[in-house]
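Dear colleague,

I am handing over the structure that we spoke of, with the sequence alongside. Please read the notes below with the coordinates open.

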Amino acid sequence: MALRVGVIGCGKITERASLPNLVNYREKTEVAVLCDIVKEKASRMAGQFKLDRADIATNWKSVVKRSDIDVIFVNTPNYVHEEIAVGAAKAKKHILVEKPITISNKAAGNMINAAKKSGVIFMVEQTQRFDPVHQAAKKFIDTGLLGKINTIKGRIGHAGPEYWAGGDQGWFSDKKFSGGGAMIDVGIHMLDLLRWFGGKEVAEVSANIKTLEKPWPVDDNGSILMRFEDGTFGQFEASWTTRPYEVTTSIYGEKGKIRTSLGTERPVSVRLATIGEGSDPNNVLEDIHPTVESGSGWENAVHHFIDCVIKKENPLVTGVDAARSMSVILAAYDSAAKGRWVKVRYV
Ligand SMILES: NC(=O)c1ccc[n+]([C@@H]2O[C@H](COP(=O)([O-])OP(=O)(O)OC[C@H]3O[C@@H](n4cnc5c(N)ncnc54)[C@H](O)[C@@H]3O)[C@@H](O)[C@H]2O)c1
């Protein structure tokens with residue numbers, strides 16, 4: 001029988017990611033309720049996706065307590081993730097929360113504990129891990145052919161949330177609702193990806209976070225230096241003033257390097273060096289372009305979560321994992337405010 005889904009928050013991510021990929025997974029899911037504090041938004045979404053049988057709600061509490069709902073998608077602004085996820089967990093619903101998990105360590109701890117206590121599946125939608133380009137890169141990194149990794153770098157940027165939200169940046173520029181600007185909004189995507197690629201945790205960060213261009217009180221650019229627990233160098237940039245959109249990474253090891261670049265002709269490139277007795281490691285041994293499967297990160301993430309609920313398996317991004325990414329971002333804001341390196345405080 002198909003899992004019955006309640007979607008809370010009917011804005012852009014629901015329109016772009018959740019509903020298209022629930023509707024195309026009809027054999028396993030049924031959208032039972034669409035909920036938004038603005039009723040018309042939920043009704044509009046039902047019409048757009050031809051969900052004639054879905055109920056419309058305006059209060060998430062009425063949705064999570066329904067006994068005919070198995071799964072809750074939390075697609076609201078960042079500051080409301082905690083309240084809804086905790087309520088859903090207490091009502092024994094499996095939960096998919098949009099990134100970032102939330103905006104404080106305390107709130108993340110509450111969400112993790114509530115899900116653990118109820119024994120429900122709790123995933124956070126850190127999309128970048130699910131992009132086929134990044135899946136191909138991770139598969140290659142895990143072969144170990146790069147040798148010991150010494151440096152992990154990346155950049156993520158787009159033109160700003162006003163282009164995502166159709167001319168109005170909405171809650172994204174209000175720290176109370178978002179937790180910050182570009183760093184928490186897109187920086188968390190890159191940081192989560194780099195942690196996953198490296199399979200390492202970040203110990204300390206030193207950050208420069210500023211508003212260079214947007215007329216808002218939150219950051220639109222950030223540049224972070226990281227020291228991973230094993231001493232590996234790390235660094236990334238997050239930006240709301242990058243045109244066109246960019247998601248790039250570079251990982252360097254003893255025997256070669258791998259680069260990824262979304263939206264380019266060869267999105268994953270590996271270059272191995274001539275290593276060994278009498279050879280010069282500045283020379284190229286081999287260029288490799290791993291095969292990238294078709295599909296999208298959003299589709300893979302939604303389908304993966306649904307499959308995990310059905311099979312009762314741990315998802316690729318658990319609450320604990322996503323909280324770790326958020327803790328690094330919070331440490332970066334702290335570092336930028338203090339003007340020095342700070343240790344990351346994990347949940
Ligand atoms: N994974 C990704 O790639 C990605 C991309 C964009 C946004 N997001 C995340 O998705 C979440 C939503 O972002 P968005 O762009 O869809 O925002 P949005 O403003 O377009 O939509 C949010 C919706 O939530 C509704 N809402 C607010 N409080 C509510 C409540 N208490 N109960 C029910 N509905 C409520 C609003 O009315 C609005 O319709 C954010 O956490 C954001 O960071 C993720």
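The notes that follow take up the ligand site, the nonpolar core, one helix and one loop residue.

Please bear in mind that this is a predicted model, in which local features need pLDDT of at least 70 and side-chain atom pairs count only at pLDDT 80 or more, while totals for chains, interfaces and linings use all residues. Residues are numbered from 1 along each chain as its sequence is written, and side-chain values use heavy atoms, with hydrogens and water left out.

As for the ligand, 26 residues surround it, counting a residue if one of its heavy atoms lies within 4 Å, and the closest are Asp36, Lys41, Asn78, Thr127 and Trp164. Side-chain N or O atoms also approach ligand oxygen atoms: the distance is 2.9 Å for His81, 2.9 Å for Trp171 and 3.2 Å for Trp298. Of the 850 Å² of accessible area that the ligand has on its own, the protein covers 90% (Shrake-Rupley method, 1.4 Å probe).

The largest nonpolar core (buried Ala, Val, Leu, Ile, Met, Phe, Trp, Tyr and Cys residues joined through side-chain atoms within 4.5 Å) has 107 residues, among which Leu34, Phe73 and Phe236 touch the most other members. Helix 9 (residues 182-198) gives the most to this core, namely eleven residues; helices here are DSSP runs of H or I with at least four residues, and strands are E runs of at least two, numbered from the N terminus. At least three residues of the core come from each of domain 1 (3-127 + 298-317) and domain 2 (129-294 + 327-343), with bounds from an automatic or database domain assignment. Leaving aside residues up to four places away in sequence, Leu34 has contacts (heavy atoms within 4.5 Å) that include Val7, Cys10, Leu19, Met45 and Ile56.

Helix 6 (residues 132-141) is largely enclosed by the rest of the structure, because eight of its ten residues are buried, that is, under 20% relative accessible area with a 1.4 Å probe and protein chains only. Among these buried residues are His134, Lys138 and Phe140. Asp131 caps the N-terminal end of helix 6, with a side-chain oxygen 2.9 Å from the backbone nitrogen of Val133.

Finally, Thr241 lies in the loop between strand 10 (233-239) and strand 11 (246-253), and this residue is buried, with a relative accessible area of 18%. The side chains of Thr241 and Asn221 are joined by a polar contact of 3.0 Å (a pair of N or O atoms within 3.5 Å, one able to donate a hydrogen and the other to accept it).

With best regards

How values were computed: Buried means under 20% relative accessible area, exposed over 50%, partly exposed in between (1.4 Å probe, protein chains only).
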